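Here's a small set of exercises to work through with the structure open in your viewer. Try each task before reading its solution.

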Amino acid sequence: MRKTLFIMLITAILASCTSRKSDIFTINGTIAGMDTGMIYLQKRDHGKWIRTDSTMIKGGNFTFTGKVDMPEMRYIAVAKKEASLPFFIENTEFSITAYADSLDKSIVKGGPTQEKFKTYLSQADAYDNKMNDLYVSYMQAKQSGDSVQLKKIDSTYTSRETEKTTFTNDFIKKNPKSVVAPYLVISNAYQYELADLESLTASFDTSLNKSSYVKSLKERITILKSVEVGQPAVDFTMNDSTGNPIMLSSFKGKIILVDFWASWCGPCRAENPNVVKAYNEFNKKGFNILGVSFDTDKAKWLKAIRDDKLSWNHVSDLQGWGNAAGKLYGVMSIPASVLLDKDGKIIAKNLRGEDLRAKLAELLK
């Protein structure tokens, strides 16, 4: 009887220890090339870095402990180093072998979510490598002025992107209970139309409802629904380069293109001549443009306006990807645009080149 009670007591103690261990995460790491100094644990929240913990490196070793409610992406970073080490953290034990001069090449072991993510990355690398090779070839053809080769490479690159998107979607659908699935969707949300986002989000297991990634996806779906074609434009007020506030609704009575762009955006600058051409042809017939810049450097913003001869109204809060108007319209990639009718209703989105001109010709006969 005593022996049985003793065994039961030991079992209970072991179970209790195991339970406590699973309620926290422990990260034991080594970092080559850095014997002392501070090391940080960070996360991204709405485009901003949030430091969640820090500790001292002692003899090239470091340890973090803590607790998370759901598996979530975290980043190991050290002072004065631009690179960081991303990995999925959850309440279990991790072993990290880090390299101070190349954090992105460090090795993380531990956690089923991280292992799932590594599986995705190892398979996605094949697609990325092909696209990287194509990019090198594209730049070489561009430098030599080979327009035929440029067109061919561009077409092939688009096909490779489609292949990777298909692979990613398949991976997401096969892992509806893993938080990696909503993470991949929100990380690539700019590629998805509203219907695709709704379908993928609905496919997740209900156990993921508390994940920050699922919550972000639902927020994005709500935003995109509010700016669908046929909806009244979401109004906003933003300052122009002189500090004068301009309200979107003040343009009612004209066909208005809300053009999201930036001086540093190559595709935006390449599209600007088409927008200028459309403006010059249709402005006197009732067409106007409101340029919304995702710049952070005012001087570069104004220089681009002058250089590209963009002679319409321009506004910016100089917050880059944090642009308030861009958030209202769910803009995650630029160039992007919204075309409004004279009553301020959304009638088209992301029209470029001849498509924009044809639509304006139809509206302003």
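**Exercise 1.** How are H2 and H4 oriented to each other? Keep in mind that you're working on a predicted model.

*Solution.*
- Step 1: get the geometry. The axes of H2 and H4 come within 10 Å, and they cross at roughly 50°.
- Step 2: classify the angle. Angles under 35 degrees count as roughly parallel and those from 65 to 115 as roughly perpendicular, so H2 and H4 are oblique to each other.
- Step 3: find the residues that touch. On the H2 side these are Thr-113, Lys-116, Phe-117 and Tyr-120, and they meet Val-180, Tyr-183 and Leu-184 of H4.
- Step 4: sort this contact by class. You should get 5 nonpolar, 1 polar and 1 charged residues for H2 with H4.

**Exercise 2.** Work out how H4 packs against H6, and give the handedness of the crossing.

*Solution.*
- Step 1: H4 covers residues 180–187 and H6 covers residues 212–226; their axes come within 8 Å and cross at roughly 40°.
- Step 2: that angle makes H4 oblique to H6.
- Step 3: the crossing of H4 and H6 turns out to be left-handed.
- Step 4: list the partners. Pro-182, Tyr-183, Val-185 and Ile-186 from H4 meet Tyr-213, Val-214, Ser-216 and Leu-217 from H6.
- Step 5: count by class. The contact of H4 with H6 holds 7 nonpolar residues and 1 polar one, with no charged residues.

Tyr-183 is worth clicking on: it shows up in the contact with H2 and again in the contact with H6.

**Exercise 3.** Are H2 and H3 roughly parallel or roughly antiparallel to each other?

*Solution.*
- Step 1: H3 spans residues 147–174, and H2 packs with it at an angle of about 170°, the axes being 9 Å apart.
- Step 2: anything over 145 degrees counts as roughly antiparallel, and therefore H2 and H3 fall in that class.
- Step 3: split the contact residues of H2 with H3 by class, which gives 12 nonpolar, 6 polar and 9 charged.

**Exercise 4.** Describe the largest pocket: its volume, its centre and what lines it.

*Solution.*
- Step 1: the volume of the largest pocket comes to about 1,900 Å³.
- Step 2: 46 residues line the largest pocket, and Arg-44, His-46, Gly-47, Ile-186 and Ser-187 are the ones nearest its centre. You've already met Ile-186, in the contact of H4 with H6.
- Step 3: go through the elements. Those supplying at least two lining residues each include the strands E2 (36–45), E5 (72–78), E6 (85–89) and E8 (107–109), and also the helices H2 (112–144), H4, H6 and H9 (324–328).
- Step 4: look for the main contributor. H2 gives the largest share of this lining, with 8 residues.
- Step 5: by class, the lining of the largest pocket has 19 nonpolar, 13 polar and 14 charged residues.

**Exercise 5.** How many cavities of 30 Å³ or more does the structure hold, and what lines them?

*Solution.*
- Step 1: there are 2 cavities of 30 Å³ or more.
- Step 2: the largest cavity has a volume of about 60 Å³. Its lining includes Leu-257, Asp-259, Glu-271, Val-275 and Pro-335.
- Step 3: E11 (255–261), H7 (266–282) and E14 (336–340) are the elements that give two or more residues to the lining of the largest cavity. Sorted by class, this lining has 6 nonpolar, 1 polar and 3 charged residues.
- Step 4: the second largest cavity has a volume of about 30 Å³. Asp-259, Trp-261, Cys-268, Glu-271, Asn-272, Val-275 and Pro-335 line it.
- Step 5: H7 supplies the largest share of the lining of the second largest cavity, 4 residues. The classes there are 4 nonpolar, 1 polar and 2 charged.

**Exercise 6.** Check the backbone around Pro-335 and Lys-309: what stands out?

*Solution.*
- Step 1: recall the usual case. Most residues other than glycine have a negative phi, and most peptide bonds are trans.
- Step 2: the peptide bond from Ile-334 to Pro-335 is cis, with omega near 5°. Pro-335 sits in the loop between H9 and E14, and it's also among the residues lining the largest cavity.
- Step 3: Lys-309 isn't a glycine, yet its phi is positive, about 55°. You'll find Lys-309 in the loop between H8 (298–307) and E13 (313–315).

Methods:
Residues are numbered from 1 along each chain as its sequence is written. This is a predicted model: local features need pLDDT of at least 70, side-chain atom pairs count only at pLDDT 80 or more; totals for chains, interfaces and linings use all residues. Side-chain values use heavy atoms; hydrogens and water are left out. Axes are lines fitted to C-alpha atoms, for helices over the stretch in contact, and angles run from 0 to 180 degrees between N-to-C directions. A crossing is left-handed if the near helix is turned anticlockwise from the far one by less than a right angle, and right-handed if clockwise. Contact means heavy atoms within 4.5 Å. Ala, Val, Leu, Ile, Met, Phe, Trp, Tyr, Cys and Pro count as nonpolar, Asp, Glu, Lys and Arg as charged, and the others, Gly among them, as polar. On a 1 Å grid over the protein atoms alone, a cavity is a set of points where a 1.4 Å probe fits but cannot get out, and a pocket is an open set with protein on both sides within 12 Å along at least five of seven lines; lining residues have an atom within 4 Å of a point. Grid points are joined across faces, edges and corners, and a volume is the space filled by probe spheres set on the points.
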